[in-house]
Amino acid sequence: MPVADTTFAVYSRTAAGPQASPAAFDGAPAGGAVIASKADIRSGLTEHLARLWRYGLVLSRRRDIADDLVQQTCVRALERAEQFAAGTRLDRWLFSILHSIWLNEIRSRRVRQGQGFVEAEEALVVDGAHETETHVMAGQVLRLVDALPEAQRVAVFLAYVEGLSYKEVASLLNIPIGTVMSRLAAARAKLSDNLSGEDAG
């Protein structure tokens, strides 16, 4: 089957299921690593779809664009399977592909079309039986995170939701590690101020 004709399940908040446990990425192996085949990539894609969709939503704040990002990421991963070395972390490679697609294609299209955003609480809070207080607090935090500038929002997601180290975030975003630390510090300060303000209110 041609790669371009391959389809993948669309992931939304109801399809994504429970959040995957954060895990630090391993470094690339030494030279001479075995190159993965398309079958290797395809077999590992399914377990990462929910995490890719969440990252797509953090970037775009639209469920339909997140779906599109995941679809394009899967197709591109299969098309470029020979670029992935067996023994490295597939999730790190897929996040990099999705981020590149967002920067090069999806974001410019969104700007041209003047598309709006969905509310963070509506899009990101997982359905299910939760204690009321926990649900309200989660929604409050998500609204505040969603209000952060994109650079800070993405850094917060990668570092605190996906559990990447500062070095890994810097590598994925292609920025200095000091910039990552600065963005996270600014985001923490803003979130702290906003939470204090809401509590006082």
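The following questions and answers concern burial, helix sidedness and confidence in a predicted model.

This is a predicted model in which local features need pLDDT of at least 70, side-chain atom pairs count only at pLDDT 80 or more, and totals for chains, interfaces and linings use all residues. Residues are numbered from 1 along each chain as its sequence is written, and side-chain values use heavy atoms, with hydrogens and water left out.

Q: Why is His 48 called buried?
A: Buried means under 20% relative accessible area, exposed over 50%, and partly exposed in between (1.4 Å probe, protein chains only). His 48 has 10% relative accessibility and therefore counts as buried. This residue lies in the loop between α2 (38-45) and α3 (49-60); helices are DSSP runs (H or I, at least four residues), numbered from the N terminus.

Q: What does His 48 touch, not counting residues up to four places away in sequence?
A: His 48 touches Leu 90, Asp 91 and Leu 94, where contact means heavy atoms within 4.5 Å.

Q: Why does Leu 195 count as partly exposed?
A: Its relative accessibility is 22%, and the partly exposed class lies between 20% and 50%; Leu 195 therefore counts as partly exposed. The residue belongs to helix α10 (residues 177-200).

Q: What puts the buried residues of α2 on the same side?
A: The buried residues of α2 are Ile 41, Gly 44 and Leu 45. They cover an arc of only 110 degrees around the axis, so they lie on the same side of α2; the arc is that of the directions from the helix axis to the C-beta atoms. Ala 39 and Ser 43 are exposed on the other side.

Key: Helix = DSSP H or I, 4+ residues; strand = E, 2+ residues; numbered from the N terminus.
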